[in-house]
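The paragraphs below lead a new reader through this structure step by step, beginning with a single pair of residues and widening the view from there. Please keep the sequence and the model at hand while reading.

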Amino acid sequence: MALRPNKAKKANYNYIEAKENPNSYTTESIQKMVLNLEYANVDKSYKVIQVTSTLSGEGKTTLVGNLSYLLSQKYKVLVVDMDLRKPKIHRLANDTNQDGLTDYLLDVIPFEQLIRNYNNGLDYIVAGQKTSSVNNVLRSKKLEDLINQLKERYDYIILDTPPVQVNADALIISKLADGIVYVVGYNIVKKAMIHECIESLKRQNITMLGIAFTQVKLPKRRGLYHYYYDEAN
Amino acid sequence: MKLIDVHNHALFGVDDGAKTIEESISMIDQAIKNNIEELILTPHFNKRNKSIDIVEENFNTLKELIKDKPIKIYLGREMRFYELEKKPIYYTMNATKYVLVEFDPIASSPIEEVCYSLMVRGYKPIVAHIERYHYLTASDYNRIKKYAEFQVNADAVLGISSMRKDYKISKYLLKHKIADYVGSDAHDTTKRKNNLLKAYKRIKRKYGNQYADYLFCENAKKITENPTV
């Protein structure tokens, strides 16, 4: 009965393209990203991967969902929600934001309750209840110990973090991570701003694994060649 | 058309609504004059009003007193959002899965988060007097709409609420058919009285018969008719 004035532009977080449409163009490009990650990671030296961007709404959480889903087909993967101010990972799994990372760090719940299973090979940790001292939580020794402990259990740990431009959280977390995947949304941020943010990350002595370009509007494909690939899908 | 009121503070002695039994009964008489057939009493549940036993006791005495009158009453609660965060039991509308939630009208509160977590736990949130939250934008309504239903106050529809902007927002919500319920939010018989019939007539004239019936009766029937939903 009730109509909507303009269609909601933001898609549901629980929709994972790689799961629903395993042959689509988007999934193929994320698959390429998985391959690139494997090439960069021949020595298995990059275990903790941080995903961040310049501003909010560039597609971090969506990328984390798709990337971790595809990685989990080969490896044991853990996704940790480090965005303690606006957590979203629980929405990927249709879950509540209870009993999460902050609850564990404040000794409310034990370690056994922390990790939840999404899929075969894919686990996740939600952010937990909101705290007013985000900086203290992120700088704590207990978080560092937790990440070191988890490194032995999993092949990949993917950290979903806040954007760089907004607050200092992403820079603090970058000390825990081995490498960074930087998300750039198509036609959202000025180039100079991206350069500035990447510079500030590099000052923390961090390895940039690469840049993921999201929300790209493809031009209409012309010619005869695309028929071949379309039929294959 | 017989109307259903989903938001009313006519229960005596529990919140800032009716003070005494007599006031309660005169408010219910006023509701009958407004063509209301079914009335859901929604006392506040917030920092100041946390009573549970008294509410049920007063509700039962009131139900006994007005059993001859042509009106049915049901019990619900209007929950403040911070009371919902970490409690397993909620005080729902007529023991259904529907929960009437109110938020802070001045400081922007996490409406989407609260509604989402309620939905995941199996509840169906209704955002009370949504026109009072001036900090919401058009895209916010669309996002919250995925998880919750919206209730608009009758006073805002008529343009006699304390804020002029309430009227403008309620006009937008009705024009685009985003609203799902209209409630009276009556607190007494004089200052914040029951204006549901006036609002029904205005919506019928401006936005059509079908939508007015949906807002005032058909949609609310699912709360009053089957208490297991």
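In this predicted model, a good place to begin is Glu38(B), whose bridge partner in β4(B) is Lys72(B). The strands β2(B) and β4(B) run parallel and are joined by four bridges. In general, the strands of a sheet pair through backbone hydrogen bonds, and the pairing may be parallel or antiparallel.

Stepping back from this pair of strands, one finds an open sheet of three strands in chain B, in the order β1-β2-β4, with parallel pairing. Its edge strands are β1 and β4 of chain B, the latter covering residues 72-75, and each of these edge strands pairs on one side only. From one strand to the next, the twist averages 15 degrees.

Across β1, β2 and β4 of chain B lies the helix α8(B), which runs at about 55 degrees to β1(B). This helix, spanning residues 209-224 of chain B, has 16 residues and reaches 22 Å from its first C-alpha to its last, close to the 22 Å expected at 1.5 Å a residue. There is nevertheless a kink of about 50 degrees in α8(B), and the kink is centred on Leu215(B).

Which residues of α8(B) are buried? They are Ala212(B), Leu215(B), Phe216(B), Asn219(B), Ala220(B) and Ile223(B), so that Leu215(B), the centre of the kink, belongs to the buried set as well. The buried residues of α8(B) pack against several elements of chain B, namely the strands β1 (3-5), β2 (36-41), β6 (98-102) and β9 (181-183), together with the helix α7 (196-207).

In soluble globular proteins, nonpolar side chains tend to be buried together. Here the largest nonpolar core holds 67 residues, and those that touch the most other members are Val99(B), Val101(B), Ile126(B), Val127(B) and Val182(B). Once its neighbours within four places in sequence are left aside, Ile126(B) is in contact with Tyr98(B), Val99(B), Leu100(B), Val101(B), Ala148(B), Glu149(B), Gln151(B) and Tyr181(B). Apart from the largest core lies another core, of 51 residues, and among them are Val64(A), Leu67(A), Ala127(A) and Cys197(A).

That second core leads the eye to chain A, which has 10 helices and seven strands. Of the 233 residues in chain A, 35% are buried. Among the contacts in chain A with a separation of 6 or more, 80% are between residues 24 or more positions apart.

Methods: Residues numbered from 1 in each chain as written. Chains lettered and ligands numbered in written order. Predicted model: local features only at pLDDT ≥ 70, side-chain atom pairs only at ≥ 80, totals over all residues. Helix = DSSP H or I, 4+ residues; strand = E, 2+ residues; numbered from the N terminus. Buried ≥ 20, exposed ≤ 12 C-beta atoms within 10 Å, placed from the backbone. Contact = placed C-beta atoms within 7 Å. Expected span 1.5 Å × (residues − 1). Bend = angle between axes of the 7 residues up to and from the residue. Core = buried A, V, L, I, M, F, W, Y, C linked by C-beta atoms within 7 Å. Pairing = 2+ DSSP bridges. Axes fitted to C-alpha atoms, helices over the stretch in contact; angles between N-to-C directions.
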